[in-house]
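Dear colleague,

I am passing on the structure we talked about, with the sequence alongside. Below it you will find what came out when I went through it, set out by topic.

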Amino acid sequence: MAKNLVIVESPTKAKTIKKFLGKNFEVIASEGHVRDLPKSSLGIDKANDFEPHYITIRGKGDLLSTLRKAVKKSDFVYLATDPDREGEAISYHLSVALKLEDKKYKRIAFNEITKNAVKESLKNARDIDMKLVDAQQARRVVDRLVGYEISPLLWDKVGKRGLSAGRVQSVTLKMISDREAEIDRFIPDEYWTIDAMINVPGQKKPVAFRYVGDISSKTEADRLCSLMNPSDFTVSEIKNSKRTKKGPHPFTTSTLQQTAASKINFATAKTMRIAQQLYEGVEIKGQGTVGLITYLRTDSTRISDEADAAARSYIKETFGEEYVSEEKAGNDKNKNIQDAHEAIRPTDVTRTPASLKGVISNDQYKLYKLIYERFLASRMKPAEYDIFAVTVEAAGNKLRASSSSVAFPGFLNVYNTEEDDEDKNSINFSGISKGDILKLGELLPKQHFTEPPAHFTEASLVRAMEENGIGRPSTYAPTISTLLNRRYVTKEQKNLYVTELGSVVNTIMETAFPEIVDIDFTANMETLLDSIGDGVVNWKVVVRNFYPDLEKEINNAAESLSKVKVADEKSEEICENCGANMVIKYGSHGKFLACPNFPECRNTKPYFEKIGVECPKCGKDIVKRASKKGRIFYGCIGFPECDYTSWARPVAKRCPQCGGLLYIKGKKLVCENTSCNYKEQMNDAD
């Protein structure tokens, strides 16, 4: 019988598929790409219409030799790489490297690694989709032009090799930098709330009724309290209503990364690594290697009819027919959706997380449970809530309390969010009627200050990238990893902060390459690159139109950026070894002092930038420092003997009201003492 060769990407995937196909099929892994642009040079012939020059990836020679031998022995070759642009490109490069033009071969693709899906893909074998190959090729060429032509400028201007720029990476760095600037400019505004603790019949504890209206000062809060305190609190309105909440869509790549970060504390890179394992297959005793989820790179919420029917049948048997959703969940109406893949779901809805507990790793179990429960919830009826809102009046002022209780759990039986937990606020208001006078326990005025925008976390950054059309499902995690690895960004308690090095690089990019870091331009480029895969535009047309402007900016930057080069600034510190004035250098954690006579003298020491402010604890100089992860803060030069530190920059001027330190917040000076709340507009002298 004919011998068939199936080439997949990973050894695990090969092992999973092999058991479905039998002895007439040999399955071998290419272990990713076998050809790529060279690392040592641009690899793009700009003079020859941007023709890419591909070479065999170093270390893949022996593997290609093995594949060529297997091709010779086979009668038919199936290229079964991943079902996306990248996978299509790998199949194309395999066809070239293995010289399959003289061989019978076809491309097969499947969204899940199950027996039915693999067998069905063989029935629907097709030619390689060159539109998808060109879409991947266009991205690769454009990204290579940006990275390889701008990065050397950064090395030269910042004086540090290893820096990089990127089409997606650089605009993402700007997004984080802009958020940091927005936070720094933020000036908190004071506001007050008043809670009336009222005794409600049937409740053991007093219920908090919140004053309805805006209160901007303590004076106003005190005035309202003095009016309401001796007054009757009369029930003026009782509203009973119902609210429904639909179950969530099944996961896309983006929503999986966001939810895994918030619910199980997985970084985006970890989420994708574990999801890849679940997709390719994990070893299950008695079953061998089993693919547990569908393909993990998708921006669609579509579910196949078969999977939808299986989920509804399972829900009916497990929870009852009343829990089965009456409507078929549709796709998100998102203009950026490009993939034809399904959403991320379990391959077999009867394979419950409980059945895999202790069988797969703990991390695999956590992520599978999240995917499984989200998918099941998407096929269940909405949750229903009973809402009670009670308004009381005192001295003409309204105060309100509300209660929310679950009338029908629906999808909440399998999946809930922090928001769903907040909805559980059940208060029994059945013992009161309109016109009742309720007894006041006490009035609780409280001072608040408006909060600045939140720092980006990995989850919120992925959401912002998706909303702005920056990158695609396959690029979110690698982009964040690159920013962290380059030390442009650091992560502390989930929050992302721009380091001093990241700030320097971002300033250069904003100055010299404004289009590259423009969100709208990048989003439009993403759409244009996607259109290549749809066959709407030729990929070289996109590159031809893109490169001239980039080349012009590079040439201008080569001249103008010499003025903003981070030069070796002399310091007053004297080198103990040779007597030379030490110079200021940039490292991955910011500035440091180094001897200018390097390499003859290799003396270095920490650099402390004095800001002209005395430490409030010991009177020594406050200096600008960088944390181990690169975040800028201000601290006493006497550390560790003195432990004064501050994230905000202090100034020499003291608060005229309480004598405390003043800190720069945007264009204002704000007192360190929040109870003082002194602030003033900055002037040139500050």
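V651 stands opposite L662, a residue of β28. Please keep in mind throughout that this is a predicted model. Strands β27 and β28 run antiparallel and are joined by three bridges, and both belong to an open sheet of four strands, whose order is β27-β28-β29-β30 and whose pairing is antiparallel. At the edges of this sheet lie β27, covering residues 650–654, and β30, covering residues 679–681, each of which pairs on one side only. If the direction of the strands is ignored, neighbours in this sheet are turned against each other by 35° on average.

Two of these strands come up again in the second largest pocket, which holds about 1300 Å³ of space. Its lining is made up of 41 residues, and those closest to the centre of the pocket are I183, D184, W647, A648 and K665. The elements that give two or more residues to this lining are the helices α6 (169–185) and α16 (500–512) together with the strands β25 (632–636), β28 (661–665) and β29 (668–671). Helix α6 provides the largest share, with seven residues. Sorted by class, the lining of this pocket has 17 nonpolar, 12 polar and 12 charged residues.

As for enclosed space, the structure holds one cavity of 30 Å³ or more, and the volume of the largest cavity is about 40 Å³. Its lining consists of R167, I516, F521, T522, M525 and F546, which divide into four nonpolar residues, one polar and one charged. Helix α17, running over residues 519–533, gives the most to this lining, with three residues.

The last topic is a pair of packed helices. Two packed helices are described by the angle between their axes and by the distance between those axes. Helix α9 (residues 268–280) packs against helix α12 (residues 362–378) at an angle of about 90°, and their axes are 10 Å apart. Because angles from 65 to 115 degrees count as roughly perpendicular, α9 is described as roughly perpendicular to α12. On the side of α9, the residues in contact are K270, T271, I274, A275, Q277 and L278, and they meet D363, Q364, L367 and Y368 in α12. Taken together, the residues of this contact divide into five nonpolar, three polar and two charged.

With best wishes

Key. Residues numbered from 1 in each chain as written. Predicted model: local features only at pLDDT ≥ 70, side-chain atom pairs only at ≥ 80, totals over all residues. Heavy atoms only, no water. Axes fitted to C-alpha atoms, helices over the stretch in contact; angles between N-to-C directions. Parallel < 35°, antiparallel > 145°, perpendicular 65-115°, else oblique. Contact = heavy atoms within 4.5 Å. Nonpolar A, V, L, I, M, F, W, Y, C, P; charged D, E, K, R; others polar. 1 Å grid on protein atoms, 1.4 Å probe; cavity = no way out; pocket = protein on both sides within 12 Å on 5 of 7 lines; lining within 4 Å. Points joined across faces, edges and corners; volume = space filled by probe spheres on them. Pairing = 2+ DSSP bridges.
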